[in-house]
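Trainee: Please pick one part of this model and take me through it closely. I'd like the cut-offs behind each term as you go, and then a word on anything odd in the backbone.

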Amino acid sequence: VTHSIPACIGSMTINGKQLDNESPVSIFAVNKCYETVQDGTFFDGSGFAALVREGYKVRSDVNITLEFRTTAAHGVLLGVSSARVDAIGLEIVHGKVLFHVNNGAGRITASYEPRGTNSLCDGKWHKLQANKSKHHISLIIDGNLVHTDNPYVQSTSADTNNPIYVGGYPADVKQNCLTSKTSFRGCLRNLVLTRGQHTEFFDFSRAFDLRGVFPHSCPGAEH
């Protein structure tokens with residue numbers, strides 16, 4: 001077993017002596033246990049999760065689904081880029097969800113803004129689906145659809161080859177389809193990416209780089 005257990009552990013004794021877990025000699029990716037907990041991964045607003053070290057290839061079609069919960073009006077949700085301009089990006093900016101795609105000829109954006117007093121930053125779970133199909137892109141938030149047609153119809157493939165960054169990205173990494181550098185603060189769960197018949201469910205505890213992210217442990221109320 002090479003990855004950590006997603007659990008709370010307490011009252012541990014060795015040879016009858018209770019361990020002091022309040023002042024450890026060293027600590028890495030361990031948070032306090034919450035009195036009320038929900039299924040999900042907690043992002044504390046300082047970092048990111050990096051998935052697919054060898055690089056994720058979006059190409060012509062990809063469907064992304066996830067659920068998020070936040071009280072912040074700004075935050076990176078997901079970005080996949082390349083050394084060139086090809087990229088995709090999902091972010092929350094001023095309480096709106098933006099889905100950006102660049103197939104190489106120029107960036108296009110589908111933008112979802114909640115109507116009236118409804119808010120996506122109300123600390124409740126919201127379901128997001130972002131779909132890129134060649135030069136068409138669409139965004140479905142809680143069942144509400146917005147879509148955008150790409151004027152660059154000859155350009156259909158986002159030739160990405162970098163990792164998937166979720167909830168933020170390192171300062172030295174370029175993201176061609178994200179406008180924000182603000183790390184996400186809140187909880188994410190059920191991240192699934194589908195290309196054709198190939199569906200991948202991503203477990204954050206298996207990320208190759210985690211900073212300020214606590215897998216499988218989402219506080220029941222704002223932490």
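Mentor: Let's settle one term before anything else: a residue is buried under 20% relative accessible area, exposed over 50%, and partly exposed in between, using a 1.4 Å probe and the protein chains only. Bear in mind that this is a predicted model, so local features need pLDDT of at least 70 and side-chain atom pairs count only at pLDDT 80 or more, while totals for chains, interfaces and linings use all residues. Numbering starts from 1 along each chain as its sequence is written, and side-chain values rest on heavy atoms, with hydrogens and water left out.

My pick is the loop around Phe204. That residue sits between β15 (198–201) and β16 (209–214); strands here are DSSP runs of E with at least two residues, helices are runs of H or I with at least four, and both are numbered from the N terminus. Is Phe204 buried or exposed? It's buried, because its relative accessible area is just 5%. For a sense of distance, take Ile140: that residue and Phe204 are 64 residues apart along the chain, and their C-alpha atoms are separated by 23 Å.

Now for the charged side chains with numbers close to 204. A salt bridge here means a side-chain nitrogen of Lys or Arg within 4 Å of a carboxyl oxygen of Asp or Glu. The idea is simple enough: side chains of opposite charge can pair when their charged atoms come close. How many salt bridges does the structure hold? There are five, and I'll go through some of them in sequence order.

Start with Glu200, which pairs with Arg195; their closest N and O atoms are 3.7 Å apart. Glu200 counts as partly exposed because its relative accessible area is 23%, and Arg195 gets the label partly exposed too, at 22%.

Next along are Asp203 and Arg206, whose side chains meet in a salt bridge at 3.9 Å, N to O. Here the two ends land in separate classes. Asp203 is partly exposed, with 24% relative accessible area, whereas Arg206 reaches 57% and so counts as exposed.

Then there's Asp209 with Arg211, where the closest N and O atoms are 2.9 Å apart. Arg211 is partly exposed, at 43% relative accessibility.

You also asked about the backbone, so here are two residues elsewhere in the chain that deserve a look. Where does Lys134 lie? You'll find Lys134 in the loop between β10 (126–133) and β11 (136–141). Its phi is near 55°, which is positive even though this isn't a glycine. Lys134 is partly exposed because its relative accessibility comes to 43%.

The other one is Asn190, again a non-glycine residue with a positive phi, about 55°. Asn190, though, is placed in a strand, β14 (residues 185–195). With a relative accessible area of 33%, Asn190 is classed as partly exposed.

To pull the loop together: Phe204 is buried, and the Asp203–Arg206 salt bridge links residues numbered on either side of 204. When you open the viewer, go to Phe204 between β15 and β16, then look for Glu200 with Arg195 and Asp209 with Arg211.
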